[in-house]
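User: I would like to go through this model and ask, term by term, what lies behind the labels that are put on it.

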Amino acid sequence: IRHESVLAATLQKYIKAKMEILQNLQTYADELSEIADRVSANKEEYIIHPINQYHLIKRFATQWTEVNQLLDRFNRTGKKTISIKNAAHLFPKEEDIKGSAEGILRIQETYNLNTSDIAKGNISGKKDLTTDECYHIGKAAFNGGLYDRCTQWMQFSLQRFEEGTQNFSKAHAEEYLKLCEMGLDEFADDAYNITDALDLRNRANLIFFRPIVATKAHISSDDKSYKFSDDKKFSKVCRGDVKIPKHVERKLHCYLHTNNGNPWLMFNPVKVEELWDSPHIVQFYDVITSAEVDKIKKLAKPSLFRAIHVVSDEEDDDFQKAAYRITKISWLNDTSGPVIAKLTRRISEITGLSMNTSEELQVANYGVGGEYPPHLDVASVSNTTLFKYHPEGRRIATFLIYLSEVQEGGGTAFVEAGVTAKPIKGSAVFWYNMYPSGDIDIRTFHGACPVMIGNKWASNKWIREAGEPFHRQCKLDRNA
Ligand SMILES: O=C(O)CCC(=O)C(=O)O
Ligand SMILES: [Fe+2]
C-alpha cells in the first residue's frame, strides 16, 4: 500500500511537471505558427523591411531559444520516474495474479462459499470483483481441474463485461467457458495436445487433491493400516463442521497451570484450555505480550522478505513460486535478541521440557489464502540413520504460538480429532507428537486452515526428544 501511494504520487508529479512545460510550449507554438503563417505568405515583402529582419532575428535569439530550453527541460524532467522503473522488477507479475486467484479458490473450496457471494464481495463486506478478476479466478479453477467453478467464474466475468475493459479478452473468457463446460476429459480428446491436458491434471492434484503421504517407519504396527483422512475432512474441520462428541467434551476443562508448583508460575499461573483429551491438545493463553510480539515480528521481517526474493528469482518452476508465496518463514535463535531467549525460557517453564535440544524459533507469515496442508510434525526416519544424523532426536512436541489474530479462517485443524484451534494473539497450542513409547502419534495429524481474511503470524518451537528423557519418561506401553 505504501509503495502504491508513493508511486502514484511520483507519477502525478511527473505528469504535472511535464504538462506545465508542454503548456508553455503550446503557447510558443501557437504564437510562432501564427507569425510563421503570416510571414511566409509574403516572404519577399517581409524580409526587405529592416524592422522585420530585426523581428526575425530576435525570434530566433529569444523565443526559439526559449523553446529549445523548454525542450531540454522537458527531456530532463521526471528523473524521479526512474524510481518507478527501478522498482518495476519487484512488481507482482502474472504469476502472482495466478497465485492469489488460487488463494481465493482455496478459500472458496475450504469454507464452502458460493461464487456469486465472493464475486459480489459478500465475504464480510469486502469489495466487488471486476471482470478480469473473475476471469483470472476462473482460469485458476480451470488449471486446478475445478470445471464447475471455472464455469461459474467465467459466467460472472462475462456478465460483468463492459466494452473497453482493460486486460480482458471477451473471446478468451468465452473460450474458457466452453472448455470448462466440456470438462477436461473431452478437452484432452479434442484437437488439443494431450500432454498439456495431463500437465493440467497434475497441477490439479498438487493444488487441490494433495495426496497425503505418511511414511510408515516409526508408526506402531497397530497403526500401519491406518487410513488418513483426506482434504475433505480437513476442510470440514476448518469450517468447524465437526462436533465434539459429548463424552469427550465432558473431559475438557479450563484451568490455571503452575506446572506442579514451578516457582516461575506460582504467582503468575498460565491459563489453559483443553482442546482434546487424547492426544492431549491444550491451548495456553497470554504466553507472550503484544510488545514482545512486535519485537519478534521486527526481528523476523528482514529475513522473511529476503526469502521471497530468493524464491521469485527461480525461474524454473512457476507453480512452485506461487505455492511458496502463500507462506513465508524465518528462523530466530536465542542470540537474535533477548526477547527470543526469554521466550525460550518461558516455554521451558510452561512445558517442563528442556530447550537444550529444541529447534530455533520458526516465525511464519501467511497471506490471504495461505495454508499449510495436513501433516505430522515428526519426520519418519529409519532407526539406524535417525540418531546418526539427528542426535537431537525427533520432534517430540510442538509449541505453536499465534502472533496475530486472523479476521476469518487461519485456525489450526487437528483432522483426526476434529477440532480447530483459534488463532488468538498471544496464545499457544501445545501437544506431544509422540507416545511415551516413542511411536509417532498419528492422531496429531494437523494443518493450518487457509486464511480467509487477514494476515496470520504464527511461530513454532519444536522440542526434540534427546533432551527429554528426564522430563518425559519413556514407557513401554504407549498409552501409559
Ligand atoms: O500455523 C499453523 O496453524 C500450523 C502450522 C504447522 O502445523 C507447522 O508449521 O507445522
Ligand atoms: Fe505442523
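Analyst: What follows is a set of questions and answers about helices, exposure, backbone angles and a sheet.

Analyst: This is a predicted model, in which local features need pLDDT of at least 70 and side-chain atom pairs count only at pLDDT 80 or more, while totals for chains, interfaces and linings use all residues. Residues are numbered from 1 along each chain as its sequence is written, and chains are lettered from A and ligands numbered from 1 in the order in which they are written.

User: How do you know that the span of helix 3 agrees with its number of residues?

Analyst: Helices (H or I, at least four residues) and strands (E, at least two) are DSSP runs, numbered from the N terminus, and the expected span of a helix is 1.5 Å times one less than its number of residues. Helix 3, residues 50-76, has 27 residues and should therefore span 39 Å, and its end C-alpha atoms are 38 Å apart, which agrees. Helix 3 nevertheless bends by about 40 degrees at R59, the bend being the angle between axes fitted to the seven residues ending there and the seven starting there. After helix 3 comes G78, with a positive phi near 90 degrees.

User: Why is helix 3 said to lie largely in the open?

Analyst: A residue is buried if 20 or more other C-beta atoms, placed from the backbone, lie within 10 Å of its own, exposed if 12 or fewer, and partly exposed in between. Of the 27 residues of helix 3 the number buried is zero, so helix 3 lies largely in the open.

User: What makes K98 partly exposed?

Analyst: K98, found in helix 5 (residues 94-111), has 19 other C-beta atoms within 10 Å, so K98 is classed as partly exposed. K98 and N143 are 45 residues apart in sequence, yet their C-alpha atoms are 9.9 Å apart in space.

User: What does helix 8 pack against, and which of its residues are buried?

Analyst: Helix 8 (residues 147-159) has 13 residues, so a span of 18 Å is expected, and its end C-alpha atoms are 18 Å apart, which agrees. Its buried residues include R149, W153 and F156, and the buried residues of helix 8 pack against helix 5, helix 6 (115-119), helix 7 (131-143) and helix 9 (170-182), where contact requires C-beta atoms, placed from the backbone, within 7 Å.

User: What makes the phi angles of N259 and N260 worth pointing out?

Analyst: Most residues other than glycine have a negative phi, and most peptide bonds are trans. N259 has a positive phi of about 50 degrees although it is not a glycine, and N260 has a positive phi near 55 degrees. N259 is in the loop between strand 1 (254-257) and helix 14 (263-266). With 16 C-beta neighbours inside 10 Å, N259 counts as partly exposed, whereas N260, with 7, counts as exposed. As for peptide bonds, the one from S278 to P279 is cis, with omega near 5 degrees.

User: How do you know that strand 9 and strand 12 pair?

Analyst: Two strands pair if DSSP finds at least two bridges between them. Three bridges join strand 9 (residues 412-414) to strand 12 (residues 446-448), which run antiparallel, so the criterion of pairing is met. T412 stands opposite A448 in strand 12.

User: Which strands form the open sheet, and in what order?

Analyst: Four strands form the sheet in the order 6-12-9-10, with antiparallel pairing. The edge strands are strand 6 (372-375) and strand 10 (419-421), each of which pairs on one side only.

Terms used
Contact = placed C-beta atoms within 7 Å.
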